[in-house]
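Student: I'd like a close look at a single part of this one, please. Take me through the packing there and then on to whatever surrounds it, with the numbers as you go.

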Amino acid sequence: MTEIDAKIDALVPDWLTLPDIAEQLGIEVTRVRQLVKEGQLIAVRRGENRALHVPADFIDGDKIVKGLVGLLTVLRDDGFSDEEMLEWLFTPDATLPGTPAQALSENRGTEVKRRAQALAV
């Protein structure tokens, strides 16, 4: 959990607070905090009250977007920090097209994961 910088804040279109995520997933806020601690979600401090926020694109209805957890693991194994992961996930890529986060939400996770694995080479 880190402080957000302006560049990444501008890249991510929408954010959810941990209580918002807990409500959508039908779980307790403490469980959402555990998901962040376990690396299944990325949370950053932003806004005037520095509350923890997670990109809204990481949540699909009542579940975490398919493929996100594995992708975050690959990126961490590649040595990416949370900020670098967010920047990579939300930077447009004309060859996808769109952003890796959009591709994940459109069930194109295999291609996104393949590209993440290629970053380590």
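**Two helices and the core around them**

Tutor: Let's start with a helix contact: on the α2 side we have Leu18, Pro19, Ile21, Ala22 and Leu25, and they meet Val29, Val32, Arg33, Leu35 and Val36 of α3. Keep in mind that this is a predicted model. By residue type, the contact of α2 with α3 splits into 9 nonpolar, no polar and 1 charged.

Now the geometry. Two packed helices are described by the angle between their axes and the distance between the axes. Here the axes of α2 and α3 come within 8 Å and cross at roughly 105°. Angles of 65 to 115 degrees count as roughly perpendicular, so that label fits α2 relative to α3.

Next, zoom in on Ile21. Leaving out residues up to four places away in sequence, Ile21 touches Leu16, Val32, Val54 and Ile59. Ile21 is also among the residues with the most contacts inside the largest nonpolar core, alongside Leu41, Phe58, Leu68, Leu71, Leu86 and Leu89. That core has 38 residues. Both helices feed it: α2 (18-25) and α3 (29-37) are among the elements giving two or more residues, and so are β2 (15-17), β4, α4 (68-77), α5, α6 (100-105) and α7 (109-119). As background, nonpolar side chains in soluble globular proteins tend to be buried together.

Phe58 from that core list is worth a stop of its own. The structure holds 1 aromatic pair, and Phe58 is in it with Phe90: the centres are 5.9 Å apart and the planes make an angle of 35°, which is a tilted arrangement. In sequence the partners sit 32 residues apart, with Phe58 in the loop between β4 (51-55) and β5 (59-60) and Phe90 in helix α5 (residues 82-90), so the pair links distant parts of the chain. Buried means under 20% relative accessible area. Phe58 counts as buried because its relative accessibility is 2%, and Phe90 qualifies too, because its value is 3%.

Finally, Lys63 brings us back to α2. Setting aside neighbours within four places in sequence, Lys63 is in contact with Leu25 and Phe58; Leu25 is one of the α2 residues that meet α3. Lys63 lies in strand β6 (residues 63-64) and is partly exposed, with a relative accessible area of 43%. As for its separation from Met85, the two are 22 residues apart in sequence and 20 Å apart in space, C-alpha to C-alpha.

How values were computed. Residues are numbered from 1 along each chain as its sequence is written. This is a predicted model: local features need pLDDT of at least 70, side-chain atom pairs count only at pLDDT 80 or more; totals for chains, interfaces and linings use all residues. Side-chain values use heavy atoms; hydrogens and water are left out. Rings of Phe, Tyr and Trp (its six-membered ring) pair if their centres lie within 6.5 Å; planes under 30 degrees apart count as stacked, over 60 as edge-to-face and the rest as tilted. Helices (H or I, at least four residues) and strands (E, at least two) are DSSP runs, numbered from the N terminus. Buried means under 20% relative accessible area, exposed over 50%, partly exposed in between (1.4 Å probe, protein chains only). Contact means heavy atoms within 4.5 Å. A nonpolar core is a set of buried Ala, Val, Leu, Ile, Met, Phe, Trp, Tyr and Cys residues joined through side-chain atoms within 4.5 Å. Axes are lines fitted to C-alpha atoms, for helices over the stretch in contact, and angles run from 0 to 180 degrees between N-to-C directions. Angles under 35 degrees count as roughly parallel, over 145 as roughly antiparallel, 65 to 115 as roughly perpendicular and the rest as oblique. Ala, Val, Leu, Ile, Met, Phe, Trp, Tyr, Cys and Pro count as nonpolar, Asp, Glu, Lys and Arg as charged, and the others, Gly among them, as polar.
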